[in-house]
Amino acid sequence: MDINIYDFYNKMEQDNIMLSFKGNVTSELLTSVLQIMESKMDKLNEPNRIKKKVYNILVEALQNLYHHLDKQPEGAPKGHNTVIFMIGKTEEAYSIFTGNYISNDNAEKLKSRLEKINSLDADELKAYYKEVLNNGMMSDKGGGGLGMIDIARKSGQRLDFDFQKVDEEYSFYSLNINIPQ
Amino acid sequence: MENLVIEGSPKTPTIKFNPEEGKLLIQGRSIPENSIDFYKPLVDALEEYAGGVKEATKVDIVLEYFNTSSSKCILDVFKKLERINEAGGGVTINWHYEEDDEDMLEAGEDYQAIINIPFKMVEIEED
């Protein structure tokens with residue numbers, strides 16, 4: 001293995017990455033990451049409004065990764081149950097990057113949902129959120145498709161996503177959430 | 001009917017339900033990965049309460065954060081309260097939010113638009 005950790009470090013420093021993780025997501029890990037980010041934002045004396053926005057969006061983004069792992073079909077290639085996420089901050093904005101494998105079938109479905117969310121303005125998103133909240137559908141974990149709508153609403157930004165086809169069965173799904181300060 | 005008390009944790013709120021006094025408090029953070037199991041005892045208690053309804057039921061929601069997994073469960077709680085209200089339970093819901101937390105205020109307004117119970121938006125001033 002030929003890895004220069006100093007190059008890694010410099011790259012992350014240039015990109016203003018505060019925290020990064022690659023591996024398997026557990027409930028305990030999410031609790032720790034949320035606590036770390038909360039105390040980092042406290043130390044930076046972020047305004048309450050920004051702190052809450054970033055925290056809320058982070059909860060949704062990380063729990064999406066967590067629930068995604070539950071949905072991995074049996075016999076999925078080893079390594080496909082690991083994910084990556086990074087949290088960065090510049091003068092202008094916080095950024096949350098997430099990445100995970102997804103089956104091509106699910107990628108198609110997710111893509112059309114994300115495109116729908118991106119086609120809506122703020123008022124339409126509010127109406128859509130209430131519609132999905134009130135339609136009685138609930139996944140066995142509770143959310144039932146509200147997470148991405150909530151991220152779009154709270155960030156006030158279009159969802160910046162990409163699906164990179166890996167092979168006949170899988171794609172790699174990446175999401176970049178931008179939260180302006 | 002017995003009181004229901006659930007102590008808060010980093011991911012779940014404190015719940016205090018006193019059926020004798022007709023008082024319900026949900027306070028803290030509600031961000032568990034799986035909310036349905038967490039809210040079930042409260043939903044069940046409200047179901048039982050609906051049978052022997054009091055004249056007035058006062059509900060205080062003082063949430064700092066809640067995730068979308070909780071949002072449907074909170075709606076379930078409100079729907080139970082809506083039925084209690086219709087049965088003569090005189091429900092009032094105080095939705096508390098920190099003064100600069102527009103997202104939390106908006107979340108309360110979303111519920112208000114869906115649920116047929118008087119909501120009162122209560123601003124918590126920052127210290």
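**Close-up 1. Helices α5(A) and α6(A) pack at an angle of about 150 degrees in this predicted model.** Their axes lie 10 Å apart. The angle makes α5(A) roughly antiparallel to α6(A), because it is over 145 degrees. In passing α6(A), α5(A) makes a left-handed crossing. From α5(A), the residues to look for are Leu125(A), Lys126(A), Tyr128(A), Tyr129(A) and Val132(A). They meet Ile149(A), Asp150(A), Ala152(A) and Arg153(A) of α6(A). Sorted by class, the residues of this contact are six nonpolar and three charged, with no polar ones.

**Close-up 2. Helix α5(A) also crosses a helix of chain B, α2(B), at roughly 70 degrees.** Here we follow α5(A) across to α2(B), which spans residues 68-89. The two axes come within 10 Å. With such an angle, α5(A) and α2(B) are roughly perpendicular to each other, because the value falls in the range 65 to 115 degrees. This crossing is right-handed. On the chain A side you will find Tyr129(A), Val132(A), Leu133(A) and Asn134(A), which meet Ser71(B), Lys72(B), Leu75(B) and Lys79(B). The contact of α5(A) with α2(B) brings together four nonpolar, two polar and two charged residues. Tyr129(A) and Val132(A) may look familiar: both are also among the α5(A) residues that meet α6(A).

**Close-up 3. Within chain B, α1(B) and α2(B) cross at roughly 0 degrees.** Helix α1(B) covers residues 35-51, and its axis comes within 10 Å of that of α2(B). The angle is under 35 degrees, which makes α1(B) roughly parallel to α2(B). Among the α1(B) residues in this contact are Ile36(B), Tyr39(B), Leu42(B), Val43(B) and Leu46(B). Their partners in α2(B) include Cys73(B), Ile74(B), Val77(B), Leu81(B) and Ile84(B). Charged residues take part too, including Glu47(B) in α1(B), and Lys80(B) and Arg83(B) in α2(B). By class, the contact has 12 nonpolar, three polar and three charged residues.

**Close-up 4. The second largest pocket has a volume of about 410 Å³.** A total of 27 residues line this pocket, and those closest to its centre are Asp150(A), Ala152(A), Arg153(A), Lys154(A) and Glu106(B). Both chains supply elements that give two or more residues to the lining. From chain A these are α4 (104-118), α5 (122-134) and α6 (147-155), while chain B adds β4 (57-66) and α3 (102-114). If you are thinking about the character of the lining, the residues divide into nine nonpolar, six polar and 12 charged. Asp150(A), Ala152(A) and Arg153(A) link this view to the opening one, as they are among the α6(A) residues that α5(A) meets.

**Close-up 5. One cavity of 30 Å³ or more turns up in a search of the whole structure.** The largest cavity has a volume of about 30 Å³. Its lining consists of Ile151(A), Ser155(A), Gln157(A), Arg158(A), Leu159(A), Asp160(A), Leu175(A), Asn176(A), Ile177(A) and Asn178(A). Two elements of chain A, α6 and β5 (170-180), each give two or more residues to this lining. The largest share, four residues, comes from β5(A). By class, the lining of the largest cavity has four nonpolar, four polar and two charged residues.

Methods. Residues are numbered from 1 along each chain as its sequence is written. Chains are lettered from A and ligands numbered from 1 in the order in which they are written. This is a predicted model: local features need pLDDT of at least 70, side-chain atom pairs count only at pLDDT 80 or more; totals for chains, interfaces and linings use all residues. Side-chain values use heavy atoms; hydrogens and water are left out. On a 1 Å grid over the protein atoms alone, a cavity is a set of points where a 1.4 Å probe fits but cannot get out, and a pocket is an open set with protein on both sides within 12 Å along at least five of seven lines; lining residues have an atom within 4 Å of a point. Grid points are joined across faces, edges and corners, and a volume is the space filled by probe spheres set on the points. Axes are lines fitted to C-alpha atoms, for helices over the stretch in contact, and angles run from 0 to 180 degrees between N-to-C directions. A crossing is left-handed if the near helix is turned anticlockwise from the far one by less than a right angle, and right-handed if clockwise. Contact means heavy atoms within 4.5 Å.
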